[in-house]
Amino acid sequence: MTTETTVDVIDKVLGLDPSSPLLALREQRAKLKHLTQTSYVAALHPTDPRNFSYVERATLAARMAALWTSQELLAHYRDLATTEGASGDVLSIADPAWKPEDDASRLAVILRHVDLVTKNPKAATRENIEKLYAAGLDDRDIVTLAGIIAFVNYQVLVVAGLKMLRDN
């Protein structure tokens with residue numbers, strides 16, 4: 001594993017130091033904090049990444065952070081992707097305006113699904129899942145993708161809420 005997983009990502013992206021009242025507040029919910037970090041590792045850096053490489057996971061997470069305009073998480077996930085070996089072209093995935101040339105490719109279908117579920121989850125239908133199957137994803141891949149999407153969107157909302165507490 002090339003990433004540091006013992007440092008709490010939310011504490012890190014919010015810049016919380018040991019004297020921070022917000023850190024003390026987070027420690028009051030230590031189990032939730034631990035479970036959130038454990039979910040981060042499971043979604044972004046599982047022991048067996050299977051059909052979603054660590055780079056792909058990080059760039060998809062960066063894209064979701066960008067869709068939410070979560071600059072702290074966008075920077076974190078871009079850095080993570082780079083640490084995992086992403087190059088310039090691959091980092092383009094993090095830009096929500098970027099689209100693959102082949103509109104029918106596995107990546108294009110995945111990005112459309114990520115964008116849809118991040119921006120308008122109620123609009124996702126069985127047809128969207130069928131498109132993932134048609135692009136070559138199997139049941140496990142679709143569950144994995146759903147887990148990545150769910151976790152990162154949750155994390156973005158937690159960071160946004162904690163930022164409001166920190167800054168007010």
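These are my notebook entries on a predicted model, written as I looked things up helix by helix.

**Entry 1: helix α7**

I began with α7, which runs over residues 106-119. I checked its length against expectation: at 1.5 Å a residue, its 14 residues should span 20 Å, and the end C-alpha atoms are indeed 20 Å apart, so the two agree.

Next I asked which residues of α7 are buried. My list reads A108, V109, I110, L111, H113, V114, D115, L116 and T118. I was pleased to have H113 and D115 in that list, and I marked them for a second look on screen. Then I looked up what these buried residues pack against, and found α4 (54-67), α8 (126-134) and α9 (139-167).

I also stopped at R106. Its charged end sits over the ring of F52, 4.9 Å from the ring centre.

**Entry 2: T118 and its partner**

Is T118 buried or exposed? Its relative accessible area is 7%, and the cut-off for buried is under 20%, so T118 counts as buried.

I then searched for what T118 touches, leaving aside neighbours within four places in sequence. The contacts are M64, L67, W68, I149 and N153. With N153 there is a polar contact as well, side chain to side chain, at 3.3 Å.

I turned to N153 to see the pair from the other side. N153 lies in helix α9, so this polar contact links a residue of α7 with one of α9. N153 has a relative accessible area of 10%, so I wrote it down as buried too. Not counting residues up to four places away in sequence, N153 touches M64, W68 and T118. M64 and W68 therefore turn up in the contacts of T118 and again in those of N153.

One distance for the notebook: the C-alpha atoms of N153 and E127 are separated by 22 Å, with their places 26 residues apart along the chain.

**Entry 3: helix α9**

How many residues does α9 have? I found 29, reaching 42 Å from the first C-alpha to the last, close to the 42 Å expected at 1.5 Å a residue.

The buried residues of α9 include D141, I142, L145, I148, I149, F151, V152 and N153. Further along, Q155, V156, V159 and L162 are buried as well.

I looked at the UniProt record next. Its unreviewed entry places a "transmembrane region" at residues 142-162. In the model, that stretch is 100% helix and 0% strand, with its end C-alpha atoms 30 Å apart.

At the start of α9, I found a side-chain oxygen of D138 within 3.1 Å of the backbone nitrogen of R140. D139 is found in α9, and a polar contact of 2.3 Å joins its side chain to that of Y133. The C-alpha atoms of D139 and I129 are separated by 9.7 Å, the two residues being 10 apart along the chain.

**Entry 4: aromatic rings**

A search of the whole structure gave me 3 aromatic pairs. Which residues do ring pairs link into a cluster? They are Y40, Y77, F151 and Y154. I had already met F151 among the buried residues of α9.

**Entry 5: loops and one helix residue**

I looked for positive phi values outside glycine. R50 has phi near 50°; it sits in the loop between α3 (30-44) and α4. At 31% relative accessibility, R50 counts as partly exposed.

T69 has a positive phi of about 55°, and its place is in the loop between α4 and α5 (71-83). With 58% relative accessibility, T69 counts as exposed.

S20 lies in the loop between α1 (9-14) and α2 (21-27). It is buried, with a relative accessible area of 13%, and its side chain reaches the backbone nitrogen of L22 at 3.1 Å.

Last, I checked A134 in helix α8. A134 is exposed, with a relative accessible area of 70%. Its C-alpha atom is separated by 9.9 Å from that of S105, which is 29 residues away along the chain.

Notes: Residues numbered from 1 in each chain as written. Predicted model: local features only at pLDDT ≥ 70, side-chain atom pairs only at ≥ 80, totals over all residues. Heavy atoms only, no water. Phe/Tyr/Trp six-rings, centres within 6.5 Å; stacked < 30°, edge-to-face > 60°. Lys NZ or Arg CZ within 6 Å of the ring centre and 35° of its normal. Helix = DSSP H or I, 4+ residues; strand = E, 2+ residues; numbered from the N terminus. Buried < 20%, exposed > 50% of the residue type's maximum accessible area, 1.4 Å probe, protein only. Polar contact = N/O pair within 3.5 Å; in protein donor to acceptor, adjacent residues only side chain to side chain. Contact = heavy atoms within 4.5 Å. UniProt positions renumbered as here; feature names shortened; annotations may be inferred. Expected span 1.5 Å × (residues − 1).
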